[in-house]
Amino acid sequence: MIQAHAQENTSSISAVFDRHSVAAGAITGVVGDPVEHSKSPLIHNYWITAHNARSIYAPFQISNDNIKQFLEEAPRYGVKGLNVTTPHKQAAFDICDTVSERARRVEAVNTIVYDRDGRAHGDSTDGWGFVESMKAGADWAPAKTRALIIGAGGAAGAIVDALAAAGAARITLCNRTAARAEAIAARYDARVVLGPWPCSPAEVAEADLLVNATTLGMLDGDDAGVWRAIFDGVRLGPGVVATDLIYAPLQTPFLIAAAAAGAATVDGLGMLLHQARPGFALWHGVTPVVSDALRALVLAKSGYLP
Ligand code: NAP
């Protein structure tokens, strides 16, 4: 069945191959379930055109039942590399023949490159993308930062890892389900500490980096009251930066509440764009940049404007 699915995808990709004279073995893409919302095809095909890379980047919707077989067989269909999104990052970690140090620490893979023998090499670029986005979007550096991270899912885990590796002074984790925050903290030294849920204005006032890594505030959610309570009476000093991993909408209730309390803000789109760069570099041998034009394209095609 997976073979049929993969062939189905491959044959439709072949049609694109023919139109664009793409070299065989140059297929890249993103695999997830669902995957139609993914912005990765837009981003990678923009860079493919910009760098004249003879390649295409396609979405693959694959279920939990079929993901292991798909990832193992993909190189046989000419796939050079893949991004992996929800819910398959752990499955990707499991099938990889080798993984980067950071992927090993977070036990998740969002980027795969297949070598000539079809062996899969995995990386986790979300945390790196987060740090790059913050550096690009604000006067901020990770060393010595005191971070408050709200949420303890996969994205929070990657961010904790990147901040800890980059020399953060303290990382406080507040999550609705305490066990998930405890599991992340257990992987690191005493700089990673647990806070209460919901976190209080006291935790907010002690941080210089505030991160919403929950899904609270996505389109159609109405969670502004949560954030108003957390920021109640807080006046943040200069140099405090807040960011939300959510990028639809771009201005989230969390960012609006943080800005009202005096924080500089960075939206979540930058992380999405920056985390894509290492994969493109691995597959095509050139490191792409996150330009204003790319950002504008993604915003325009997504239907949510700044
Ligand atoms: P995840 O593993 O499913 O974690 C979801 C998190 O949200 C958990 O901490 C969960 O708490 C919390 N949460 C969900 N509903 C909640 C509620 N009603 N009240 C309180 N907390 C709630 O997801 P993820 O992969 O970490 O992603 C988290 C967010 O980051 C998503 O919005 C995702 O789209 C975004 N993201 C953005 C980027 C980017 O490039 N900008 C990259 C990755 C992820 P519990 O543990 O208690 O369930």
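Q: In this predicted model, how many Å separate an oxygen atom of the ligand from a polar backbone atom of Gly-154?
A: The partner on the protein side is a polar backbone atom of Gly-154. A polar contact needs N or O atoms within 3.5 Å. The distance to the ligand oxygen is 3.0 Å.

Q: Which residue places an N or O atom of its side chain 2.7 Å from an oxygen atom of the ligand?
A: The backbone of Leu-272 offers a polar atom 3.1 Å from a ligand oxygen. The 2.7 Å distance instead involves a side chain. That side chain belongs to Asn-175.

Q: Which helices each supply at least two residues of the shell around the ligand?
A: The ligand is surrounded by 21 residues. They divide into 11 nonpolar, eight polar and two charged. The helices asked for span 154-165 and 269-275. They are helix 7 and helix 12.

Q: Why is the pair of Phe-60 and Phe-70 classed as it is?
A: The count of aromatic pairs comes to five. For Phe-60 and Phe-70, the ring centres are 5.3 Å apart and the planes stand at 50°. Stacked needs under 30 degrees and edge-to-face over 60. The pair is therefore tilted.

Q: How many residues apart in sequence are the parts that the pair of Trp-227 and Phe-254 ties together?
A: The ring centres of Trp-227 and Phe-254 lie 4.9 Å apart, with planes at 70°, so the pair is edge-to-face. Both residues are buried. Trp-227 sits in helix 10 and Phe-254 in helix 11, so the parts joined are apart in sequence by 27 residues.

Note on methods: Residues are numbered from 1 along each chain as its sequence is written. This is a predicted model: local features need pLDDT of at least 70, side-chain atom pairs count only at pLDDT 80 or more; totals for chains, interfaces and linings use all residues. Side-chain values use heavy atoms; hydrogens and water are left out. A residue is near a molecule or strand if one of its heavy atoms lies within 4 Å of it. A polar contact is a pair of N or O atoms within 3.5 Å; within protein, one must be able to donate a hydrogen and the other to accept it, and residues adjacent in sequence count only if both atoms are side-chain atoms. Helices (H or I, at least four residues) and strands (E, at least two) are DSSP runs, numbered from the N terminus. Ala, Val, Leu, Ile, Met, Phe, Trp, Tyr, Cys and Pro count as nonpolar, Asp, Glu, Lys and Arg as charged, and the others, Gly among them, as polar. Rings of Phe, Tyr and Trp (its six-membered ring) pair if their centres lie within 6.5 Å; planes under 30 degrees apart count as stacked, over 60 as edge-to-face and the rest as tilted. Buried means under 20% relative accessible area, exposed over 50%, partly exposed in between (1.4 Å probe, protein chains only).
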